[in-house]
Amino acid sequence: MSITQSLKQYQMFINGQWLDAHDGGRFDSLNPANAQPWASFPHAQEADVDAAVQAAQNAFENPAWRNLHATARGKLLRKLGDLIAANKQRLAQLESNDNGKLIRETLGQIGYMPEFFYYYAGQADKLEGQTLPLDKTDMFAYTTHEPLGVVAAIIPWNSPMYLTAVKLAPALAAGNTVVLKPSEHASATIVELMHLVKQAGFPDGVVNVVTGFGADTGSALTKHPLVRRIAFTGGGQGAKAVVKNSAENLAQLSLELGGKSPNIIFDDADIGSAVNGVIAGIFAASGQSCVAGSRLLVQNAVYDEFLSALKTRVASIVIGDPMDPSSEMGPMATQPQLALVERMVASALAQGAQLIHGGQRASVAGDGWYYEPTILAVESNQCSIMQEEVFGPVASIMRFSDEAHALTLANDSEFGLAAGIWTRDNARVHRMSKAVQAGIIWVNTYRAVSPMGAIGGFKASGYGRESGIDGVKDYTQLKTVWINTSSEPMVDPFTMR
Ligand code: NAD
């Protein structure tokens, strides 16, 4: 048997059925820990995408979903959360196999996913409209939050389950139907999730998955005329293509994109705590995190002390097999991502950056795509490594003199996703939190997430927010209903009063 035949053969989930692509096309997913193919997925073409969107549209119009009251929708979401909790170990192993993320990270993240479904389950029947205090005494008006229709959710490879949950749970809570397109590099958990969707009791067609690449499958989905809302998480290039596609169907859009987030360490910070926060920010998930704290800005007075403490801890990071619970850093998710990290580090060094630690492929047994945790010291915020997203385990570090200087450097970026501020000065916390241009500010912590906390970016980091109390409203449209309460008949519109 050839390798390809021995791979796990996944199918797509359309209208409650397990299907191959119409033309039988497939692609392989590689395990980043050994560079070997381990699973094969259908490569959806336009006809498959059309079948999925039609199924979602039919489900949206089907009374089995359309007339299901909001409390019942909430119960289905709660059931799905329970099923994810019961299957977290299996899902975490699959995700680690697929994208190379440490099992300790995928277990933690997927173990927390049910909370997102419970949170939005609770919101389903609290989407209250308003009665309007009108300036017309013979009218009564009220508003309702209506679902939009078919939602296309485009997911990247770094946290497939998490980035699906933050779209799927609010979209379903609001009464929409969904077509998910996971990344070509990490589709397994999203396809597996469909077994749980079915088991939870969602009607056929309410949730569908098409697998394939961005340029064809993703493009066909995001320009489909029946799609009313697109939730995209990924890089800037894909985002621009999706925005253009949405000109075809005028679908509403949210874009969760990348970042070059600063971690700002003031001279009154708890240095040990800041080192831990910085490591969590840039070396967790091997730096393949949208909120990676990749720019370290450190005040002159503590620069040497901080860098020395950081170097000591980074030198002891255990790089290894993602399935080994003792590993602290795993591989890059794809070979091109590894090559990109190598190119970006080489370019920074050519521009005068100083290599403090790492800068090489890590030697781990096998052919996996491992890269060392890397620290580069730079003197200019214009060095490309301070401006461009690496999406790898590379921290660049730079000195600042005072608060004004820190703020200038922090905001001198096309991105604005997240920022960390490390200080014991409460007044400064408020000044900096207000002035730093980013959608998420973490003070004396980093990477804290919750279903209650909205995530999203300023500037080139995107628009729209995911999670949080308003997350569900972003999947609705407002309807205003006017009722004439006058006992008099309506007057002839051409008679002046
Ligand atoms: P990517 O843009 O290459 O792919 C993301 C998804 O978009 C994939 O499913 C891909 O197939 C699809 N896609 C690509 N081109 C498309 C097109 N023309 N039309 C429709 N779909 C298309 O991103 P990636 O490499 O998978 O993920 C890394 C990027 O995602 C980084 O920039 C990272 O910062 C960002 N990200 C952002 C967040 C956030 O919440 N802000 C979270 C995770 C990742």
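The following conversation concerns the domains, the ligand site and the salt bridges of a predicted model.

Student: Which domains does the assignment give for the protein chain?

Tutor: This is a predicted model, and its chain is assigned domain 1 (3–257 + 461–480) and domain 2 (262–443). Over C-alpha atoms, the centres of domain 1 and domain 2 are 31 Å apart.

Student: How many residues does the contact take from domain 1 and from domain 2?

Tutor: Domain 1 contributes 22 residues to the contact, and domain 2 contributes 30 residues.

Student: And what area is buried between them?

Tutor: About 1,900 Å² is buried between domain 1 and domain 2, with 62% of that area coming from carbon and sulfur atoms.

Student: Which residues of domain 1 lose the most area to domain 2?

Tutor: They are Leu102, Trp157 and Ser461, which together account for 28% of what the domain 1 side buries.

Student: How many salt bridges and polar contacts are there between the two domains?

Tutor: Zero salt bridges are found across the interface of domain 1 and domain 2. Nine residue pairs are in polar contact between these domains, both residues being at pLDDT 80 or more.

Student: Which elements give two or more residues to the domain 1 side?

Tutor: Strand E4 (26–31), helix H5 (88–99) and helix H6 (103–124) do so. H5 gives the most, with four residues.

Student: How do the residues on that side divide into nonpolar, polar and charged?

Tutor: On the side of domain 1 that touches domain 2, eight are nonpolar, 10 are polar and four are charged.

Student: Turning to the ligand, which residues come nearest?

Tutor: There are 28 residues around the ligand, and those that come nearest are Lys181, Glu184, Gly235, Leu257 and Glu389.

Student: Where do Lys181 and Gly235 approach ligand oxygen atoms, through the side chain or the backbone?

Tutor: Lys181 uses a polar side-chain atom, which lies 2.8 Å from an oxygen atom of the ligand. For Gly235, a polar backbone atom is 2.8 Å from a ligand oxygen atom. Ile155 also has a polar backbone atom 2.8 Å from an oxygen atom of the ligand.

Student: How many salt bridges are in the whole structure?

Tutor: The search finds 14 salt bridges. One pair that meets in a salt bridge is Asp268 and Arg428, at 3.3 Å from N to O.

Student: What does that pair tie together?

Tutor: Asp268 sits in the loop between strand E12 (262–265) and helix H11 (271–282), while Arg428 belongs to helix H16 (residues 426–435), so the pair links parts that are 160 residues apart in sequence.

Methods
Residues are numbered from 1 along each chain as its sequence is written. This is a predicted model: local features need pLDDT of at least 70, side-chain atom pairs count only at pLDDT 80 or more; totals for chains, interfaces and linings use all residues. Side-chain values use heavy atoms; hydrogens and water are left out. Domain bounds come from an automatic or database domain assignment. Contact means heavy atoms within 4.5 Å. Buried area is the accessible area (1.4 Å probe) that two parts lose on being put together, summed over both. A salt bridge is a side-chain nitrogen of Lys or Arg within 4 Å of a carboxyl oxygen of Asp or Glu. A polar contact is a pair of N or O atoms within 3.5 Å; within protein, one must be able to donate a hydrogen and the other to accept it, and residues adjacent in sequence count only if both atoms are side-chain atoms. Ala, Val, Leu, Ile, Met, Phe, Trp, Tyr, Cys and Pro count as nonpolar, Asp, Glu, Lys and Arg as charged, and the others, Gly among them, as polar. A residue is near a molecule or strand if one of its heavy atoms lies within 4 Å of it.
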